[in-house]
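This report walks through a single protein chain for a reader who has not seen it before. Please look over the sequence and the model before reading on.

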Amino acid sequence: MFTSSLKLNAATRAPQVGPARRMPSVVAMAKKSKDVRQVITLECTEQKESGVPGMSRYTTQKNRRNTPDRLEVMKYNKYMKKHTLHRELKK
């Protein structure tokens with residue numbers, strides 16, 4: 001009688017802890033044509049005219065809907081050692 005009270009049936013056992021569950025490895029990627037943000041390259045305009053060797057280029061992102069025209073930004077040119085006008089390159 002004493003031994004039967006110590007036995008646990010399947011319904012009263014604690015659930016077994018198995019290996020950690022894995023997250024699904026499927027990642028949904030946006031299509032290129034629907035991406036709003038584009039990676040663009042900015043190139044110095046003054047350095048081409050001056051003949052200084054090297055080319056100052058920056059990469060950045062822009063929102064296509066907010067800025068549909070070409071981007072122009074004053075950025076530092078390390079070859080000319082001053083701030084110059086950088087324009088977006090054609091793709």
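## Lys 82 and Thr 84 in strand β4

Lys 82 is found in strand β4. This residue is partly exposed, its relative accessible area being 40%. The model is a predicted one. Apart from neighbours within four places in sequence, Lys 82 touches Glu 46, Lys 75, Tyr 76 and Asn 77.

Strand β4 also holds Thr 84. Thr 84 has a relative accessibility of 0% and counts as buried. With neighbours within four places in sequence left out, the contacts of Thr 84 are Cys 44, Glu 46, Val 73, Met 74, Lys 75 and Asn 77. Glu 46 appears in the contact list of Lys 82 and also in that of Thr 84; Lys 75 and Asn 77 are likewise named for Lys 82 and for Thr 84.

## The chain as a whole

The chain has 2 helices and 4 strands. Along the sequence these elements follow the pattern α-β-α-β-β-β. Of the contacts in the chain with a separation of 6 or more, 47% are between residues 24 or more positions apart.

The chain has 91 residues, and 14% of them are buried. Its exposed surface comes to about 8,400 Å², and carbon and sulfur atoms supply 54% of that area.

## Confidence of the prediction

Mean pLDDT for the chain is 79, and 65% of the residues reach 70 or more. Which elements have the lowest and the highest mean pLDDT? The lowest value belongs to α1, at 53, and the highest to β3, at 95.

## Salt bridges around Glu 43

Side chains of opposite charge can pair when their charged atoms come close. In this chain the count of salt bridges is 4. One of them joins Glu 43 to Lys 48, with 3.0 Å between the closest N and O atoms. Is Glu 43 buried or exposed? Glu 43 is buried, because its relative accessibility is 6% and the cut-off for buried is under 20%. Its partner Lys 48 has a relative accessible area of 57% and is exposed.

Glu 43 also takes part in a salt bridge with Arg 57, where the closest N and O atoms are 2.6 Å apart. Arg 57 belongs to strand β2 (residues 57-63) and Glu 43 to strand β1 (residues 37-44), so this pair ties together parts that are 14 residues apart in sequence. Arg 57 is exposed, at 52% relative accessibility.

## A salt bridge between β4 and β2

Another salt bridge is formed by Glu 88 and Lys 62, and here the closest N and O atoms are 3.0 Å apart. Glu 88 lies in strand β4 (residues 82-88) and Lys 62 in strand β2, so the pair links distant parts of the chain, 26 residues apart. Glu 88 is buried, with a relative accessible area of 12%. Lys 62 is buried as well, with a relative accessible area of 6%. Returning to the earlier pairs, salt bridges with shared partners bring Glu 43, Lys 48 and Arg 57 into one network.

## Asp 35 in a loop

Where does Asp 35 lie? Asp 35 is in the loop between α1 (2-6) and β1. Asp 35 counts as partly exposed, at 28% relative accessibility. Asp 35 and Arg 64 are 29 residues apart along the chain, and their C-alpha atoms are separated by 8.5 Å.

## Aromatic rings and a charge over a ring

How many aromatic pairs are there? The count is 0. The ring of Tyr 58 has a lysine over its face: Lys 75 lies there, at 4.6 Å from the ring centre.

## Lys 81 and its backbone

Lys 81 sits in the loop between β3 (72-77) and β4. Lys 81 is not a glycine, yet its phi is positive, at about 60 degrees. Is this residue, Lys 81, buried or exposed? Lys 81 is exposed, because its relative accessible area is 64% and exposed means over 50%.

Conventions
Residues are numbered from 1 along each chain as its sequence is written. This is a predicted model: local features need pLDDT of at least 70, side-chain atom pairs count only at pLDDT 80 or more; totals for chains, interfaces and linings use all residues. Side-chain values use heavy atoms; hydrogens and water are left out. A salt bridge is a side-chain nitrogen of Lys or Arg within 4 Å of a carboxyl oxygen of Asp or Glu. Buried means under 20% relative accessible area, exposed over 50%, partly exposed in between (1.4 Å probe, protein chains only). Contact means heavy atoms within 4.5 Å. Rings of Phe, Tyr and Trp (its six-membered ring) pair if their centres lie within 6.5 Å; planes under 30 degrees apart count as stacked, over 60 as edge-to-face and the rest as tilted. A charge sits over a ring if NZ of Lys or CZ of Arg is within 6 Å of the ring centre and within 35 degrees of the ring normal. Accessible areas come from the Shrake-Rupley method with a 1.4 Å probe; for residues, only the protein chains shown count as cover. pLDDT is the predictor's confidence in each residue, from 0 to 100.
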